[in-house]
Amino acid sequence: MLSCQVIMNALDHLAPRSLAEDWDNPGLLVGSFAQKVSRIMVALDVDDAVVDEAIERKADMIVAHHPAIFHGMKQLRTDLPLGRRLAKLVTHHIAVAAAHTNLDIARGGVNDVLAARLGLEKLSAFVVTGESDGEVESLGRIGTLPAPVSIEDFAGHVKTSLHVSHVRLAAAANRPVRCVAVCGGAGAEFIDKAAIRGADVYVTGDVKYHEAQRAVELGMHVVDAGHFGTEFPVVSVLAEHLRAALENERGEIEIFITNRQQDVFQVVI
Ligand SMILES: [Zn+2]
């Protein structure tokens with residue numbers, strides 16, 4: 001058993017809160033820094049399935065990527081989904097923490113994991129968000145493949161590497177793919193930046209019709225592998241990092257990942 005504070009310190013070491021965007025809401029969102037924790041479940045979202053799973057698996061803390069409380073709350077209504085979920089968490093003494101844009105930006109976080117899954121090399125910063133210890137911090141990464149491939153082969157490679165049921169491809173003619181920009185989650189707002197940086201293809205999620213058209217007009221392919229698909233790989237890595245960070249602490253702690261969380265979207269063909 002460890003205090004929640006010790007776990008939050010480890011999380012802050014992996015994904016410092018100072019890296020987070022101003023509008024974000026990372027950190028301890030439910031529970032108390034003083035409460036004792038012996039079982040941590042790591043997930044992408046704190047949705048109803050994850051909360052029920054945490055209760056069944058006797059987790060006393062959930063560490064998730066997306067903040068369980070994001071917008072300002074003016075009521076805690078148990079007849080509405082969020083209030084009901086929060087009440088359930090409090091009733092079962094389950095603390096909840098989030099590492100959101102700080103985990104996107106952190107070294108070894110969402111985007112490094114995504115780039116590694118795709119086999120990208122020579123990674124550099126993509127959308128610069130700041131600087132710490134003389135090093136540039138960024139959302140997303142740009143890297144290269146060991147050898148150029150066709151866009152069709154690359155799209156297939158993304159699908160296999162991320163274990164997703166499908167990807168959506170907006171192809172810009174026959175441009176071969178070597179330079180790849182990635183941004184896990186909803187990264188369509190950076191399409192122009194990726195094109196300016198010379199990416200042959202941009203891999204992200206939540207791309208809308210006109211955004212994909214814009215990329216193609218700029219001569220860059222887009223592969224939309226889904227918000228869930230591009231971010232879920234970080235969950236197991238975060239669990240591993242937490243395990244390593246806490247292994248020398250005095251007190252038993254068990255860290256496991258959700259096995260019930262699913263993409264909200266299903267493909268019906
Ligand atoms: Zn996300």
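1. A residue is called buried here when its relative accessible area is under 20%, exposed when that area is over 50%, and partly exposed in between. By that cut-off F228, with a relative accessible area of 16%, is buried, whereas F232, at 21% relative accessibility, counts as partly exposed. The model is a predicted one, and the points below should be read with that in mind. The rings of F228 and F232 form a stacked aromatic pair, with 4.8 Å from centre to centre and 15° between the planes.

2. The zinc ion is coordinated by H66 through NE2, by H227 through NE2, and by E231 through two OE donors, at 2.1 to 2.5 Å. Along the chain these donors follow the spacing H-x160-H-x3-E. The two histidines link distant parts of the chain, since H66 sits in the loop between β5 (61-64) and α3 (81-91) while H227 belongs to helix α9 (residues 227-231), 161 residues apart. As for accessibility, H66 is buried because its relative accessible area is 15%, and H227 is partly exposed at 25%.

3. The geometry of the zinc site deserves a separate remark. The four donor atoms subtend angles of 55 to 129° around the zinc ion, and the arrangement is therefore irregular. A tetrahedral assignment would require all angles to lie between 85 and 135 degrees, and the lower end of the range at this site, 55°, does not satisfy that requirement.

4. Across the whole structure, a search finds four aromatic pairs. In one of them, F126 and F190 have ring centres 6.3 Å apart and planes at 75°, so this pair is edge-to-face. Because F126 lies in strand β7 (residues 121-132) and F190 in the loop between β10 (177-186) and α7 (191-196), the pair ties together parts that are 64 residues apart in sequence. Both rings belong to buried residues, F126 having a relative accessible area of 4% and F190 one of 11%. Ring pairs also join F126, F190 and Y202 into a cluster.

5. Y202 appears again in the largest nonpolar core, which has 52 residues and in which I40, M61 and Y202 touch the most other members. Helix α10 (residues 233-246) supplies the largest share of this core, namely seven residues. Since domain 1 (2-103 + 232-257) and domain 2 (107-225) both give residues to the core, it lies between them. Leaving aside neighbours within four places in sequence, I40 is in contact with I7, M61, V63, L246, I253, E254, I255 and F256.

6. Helix α5 (residues 110-117) is largely enclosed by the rest of the structure, because six of its eight residues are buried. Those buried residues are V110, N111, D112, V113, L114 and A115. The helix is followed by G119, whose phi is positive, near 75°.

7. A last point concerns L169, which lies in strand β9 (residues 168-170) and is partly exposed, with a relative accessible area of 37%. When neighbours within four places in sequence are left aside, L169 is in contact with I151, A155, V222 and V223. The C-alpha atoms of L169 and H221 are separated by 7.4 Å, although these residues stand 52 residues apart along the chain.

Key: Residues numbered from 1 in each chain as written. Predicted model: local features only at pLDDT ≥ 70, side-chain atom pairs only at ≥ 80, totals over all residues. Heavy atoms only, no water. Donors = N, O, S within 2.8 Å, 3.2 Å for Na, K, Ca; no water. Tetrahedral: all angles 85-135°; square planar, octahedral: opposite > 155°, others 65-115°. Helix = DSSP H or I, 4+ residues; strand = E, 2+ residues; numbered from the N terminus. Buried < 20%, exposed > 50% of the residue type's maximum accessible area, 1.4 Å probe, protein only. Phe/Tyr/Trp six-rings, centres within 6.5 Å; stacked < 30°, edge-to-face > 60°. Core = buried A, V, L, I, M, F, W, Y, C linked by side-chain atoms within 4.5 Å. Domains from an automatic or database assignment. Contact = heavy atoms within 4.5 Å.
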